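This note sets out, point by point, what can be read from the model shown below. Please have the sequence and the coordinates open while reading.

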Amino acid sequence: MGLIALSTMLSIILGSCFWLAVGDRFPLGDEAKWPTVNNICVYAAMLLIPIYLTIFFLF
């Protein structure tokens with residue numbers, strides 16, 4: 001349970017950092033972009049599995 005909580009928190013933090021670096025990109029190919037919170041959630045969701053697997057295999 002702790003692994004899931006840690007990976008979720010890290011993905012939210014890194015998703016926010018990724019959003020700061022890249023910006024609002026979603027939905028791709030559309031002029032009207034989603035709000036900032038939705039973009040951060042998409043970035044965090046994309047990072048969740050890689051972060052979980054990295055922590056799982058390292059520790």
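1. A polar contact is a pair of N or O atoms within 3.5 Å; within protein, one must be able to donate a hydrogen and the other to accept it, and residues adjacent in sequence count only if both atoms are side-chain atoms. An example involves Ser 11, where a polar atom of the side chain lies 2.8 Å from the backbone oxygen of Thr 8. Ser 11 belongs to helix H1, and its relative accessibility of 2% makes it buried. For this label, buried means under 20% relative accessible area, exposed over 50%, and partly exposed in between (1.4 Å probe, protein chains only).

2. The basis of the values should be stated. The model is predicted, so to speak of local features requires pLDDT of at least 70 and side-chain atom pairs count only at pLDDT 80 or more, whereas totals for chains, interfaces and linings use all residues. Residues are numbered from 1 along each chain as its sequence is written, and side-chain values use heavy atoms, with hydrogens and water left out.

3. Regarding the overall architecture, the secondary structure comes to two helices and zero strands. Helices (H or I, at least four residues) and strands (E, at least two) are DSSP runs, numbered from the N terminus. Helix H1 covers residues 2-22, and helix H2 covers residues 36-58. Along the principal axes, the C-alpha atoms fill a box of roughly 45 × 20 × 15 Å. Of the 59 residues in the protein, 19% are buried.

4. A second polar contact concerns Asn 39 of helix H2. The side chain of Asn 39 makes this contact with the side chain of Asp 24, at 3.5 Å. Asn 39 is buried, its relative accessible area being 0%.

5. How many aromatic pairs are there? The count comes to five, where rings of Phe, Tyr and Trp (its six-membered ring) pair if their centres lie within 6.5 Å; planes under 30 degrees apart count as stacked, over 60 as edge-to-face and the rest as tilted. The pair of Tyr 52 and Phe 56 is stacked, because the ring centres are 6.2 Å apart and the planes stand at 15°. Both residues lie in helix H2, four residues apart, about one turn of the helix. Tyr 52 is partly exposed at 28% relative accessibility, and Phe 56 is partly exposed at 45%. Phe 56 also pairs with Phe 57: the centres are 5.3 Å apart and the planes are at 80°, so this pair is edge-to-face. Phe 57 is exposed, with a relative accessible area of 64%.

6. Ring pairs also link Phe 18, Phe 26, Trp 34 and Tyr 43 into a cluster. One member of the cluster, Phe 26, deserves a separate remark: a cis peptide bond joins Phe 26 and Pro 27, with omega of about -5°. Pro 27 lies in the loop between H1 and H2. As background, most peptide bonds are trans.

7. Why do Cys 17 and Cys 41 not form a bond? The sulfur of Cys 17 has its closest cysteine sulfur in Cys 41, 15 Å away, which is too far for a bond. The count of disulfides is therefore zero, a disulfide being a pair of cysteine sulfur atoms within 2.5 Å. Cys 17 is in helix H1 and is partly exposed at 41% relative accessibility. Cys 41 is likewise partly exposed, at 48%. Cys 17 and Ser 7 are 10 residues apart in sequence, and their C-alpha atoms are 15 Å apart in space.

8. On the surface, Leu 6, Met 9, Leu 10, Ile 13 and Leu 14 make a nonpolar patch of about 440 Å². Patches are made of residues with over 30% relative accessible area and no salt bridge; like charges are joined within 9 Å, and nonpolar side chains (Val, Leu, Ile, Met, Phe, Trp, Tyr) within 5 Å. A salt bridge is a side-chain nitrogen of Lys or Arg within 4 Å of a carboxyl oxygen of Asp or Glu. Accessible areas come from the Shrake-Rupley method with a 1.4 Å probe; for residues, only the protein chains shown count as cover. Leu 14, one of the patch residues, lies in helix H1 and is partly exposed at 40% relative accessibility.

9. A final point concerns Ala 5, which is placed in helix H1 and is partly exposed at 37% relative accessibility. Ala 5 and Leu 53 are 48 residues apart in sequence, and 13 Å apart in space from C-alpha to C-alpha.
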